[in-house]
Amino acid sequence: MTTSKPQEADPAVRAELARLRDSIDNIDAAVVHMLAERFKCTQQVGHLKAAHHLPPADPSREAEQIARLRRLAENAKLDPAFAEKLLTFIIAEVIRHHERIADAGTAPEPGE
């Protein structure tokens, strides 16, 4: 059995990989922060819905958002099916939060 040692990449290639990976890391951090901000807003929506006895899910709004995100993805040259899967996952998590808020009653939001 022969084992091969990975080739050492040229220093210029390693530098370019490091540059690209730094950009990826920055983008990942921005995505996490944007999702956190999005969930802060959806938590407020959940409290508003619970206070006014509205259902946690809004299928027509969700369908509009999915169609909108698919269009945005197409314009950005991102796979619309991937964008839809991502938004569907996020929506499911938001609905789960809204259901939990509704089950807990209409307790005031933190800071109120």
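These legends walk through four close-up views of a predicted model.

**View 1. Helix 2 packs against helix 3.** Let's start where these two helices come together. Helix 2 covers residues 59-75 and helix 3 covers residues 80-103. Their axes lie 9 Å apart, at an angle of about 145°, and the crossing of helix 2 and helix 3 is right-handed. On the helix 2 side, look for Glu62, Gln65, Ile66, Leu69, Arg70, Ala73 and Glu74. Their partners in helix 3 are Pro80, Ala81, Ala83, Glu84, Leu87, Thr88, Ile91 and Ile95. By type, the residues of this contact comprise 9 nonpolar, 4 charged and 2 polar.

**View 2. The largest pocket has a volume of about 460 Å³.** Fifteen side-by-side labels would crowd the picture, so here are a few to look for. Among the 15 lining residues, Leu35, Arg38, Leu69, Leu86 and Ile90 are the closest to the centre of the largest pocket. Helix 1 (11-51), helix 2 and helix 3 each contribute at least two residues to this lining. In character, the lining of the largest pocket is made up of 12 nonpolar, 2 charged and 1 polar. Leu69 is worth finding in both views: this residue also belongs to the contact of helix 2 with helix 3.

**View 3. The second largest pocket holds about 290 Å³ of space.** Its lining counts 14 residues, and those nearest the centre are Arg38, Thr42, Arg61, Val94 and His98. Arg38 may look familiar, as this residue is also listed among the closest to the centre of the largest pocket. Once again, helix 1, helix 2 and helix 3 each supply at least two lining residues. The lining of the second largest pocket includes 6 nonpolar, 5 charged and 3 polar residues.

**View 4. Residues 106-112 have pLDDT under 50.** Please read this stretch with its scores in mind. For residues 106-112, the model has 5 contacts beyond four places in sequence. Across the protein, the average pLDDT is 91, and 88% of the residues score at least 70.

Terms used
Residues numbered from 1 in each chain as written. Predicted model: local features only at pLDDT ≥ 70, side-chain atom pairs only at ≥ 80, totals over all residues. Heavy atoms only, no water. Axes fitted to C-alpha atoms, helices over the stretch in contact; angles between N-to-C directions. Helix = DSSP H or I, 4+ residues; strand = E, 2+ residues; numbered from the N terminus. Left-handed = near helix turned anticlockwise from the far one by under 90°. Contact = heavy atoms within 4.5 Å. Nonpolar A, V, L, I, M, F, W, Y, C, P; charged D, E, K, R; others polar. 1 Å grid on protein atoms, 1.4 Å probe; cavity = no way out; pocket = protein on both sides within 12 Å on 5 of 7 lines; lining within 4 Å. Points joined across faces, edges and corners; volume = space filled by probe spheres on them. pLDDT = per-residue confidence, 0-100.
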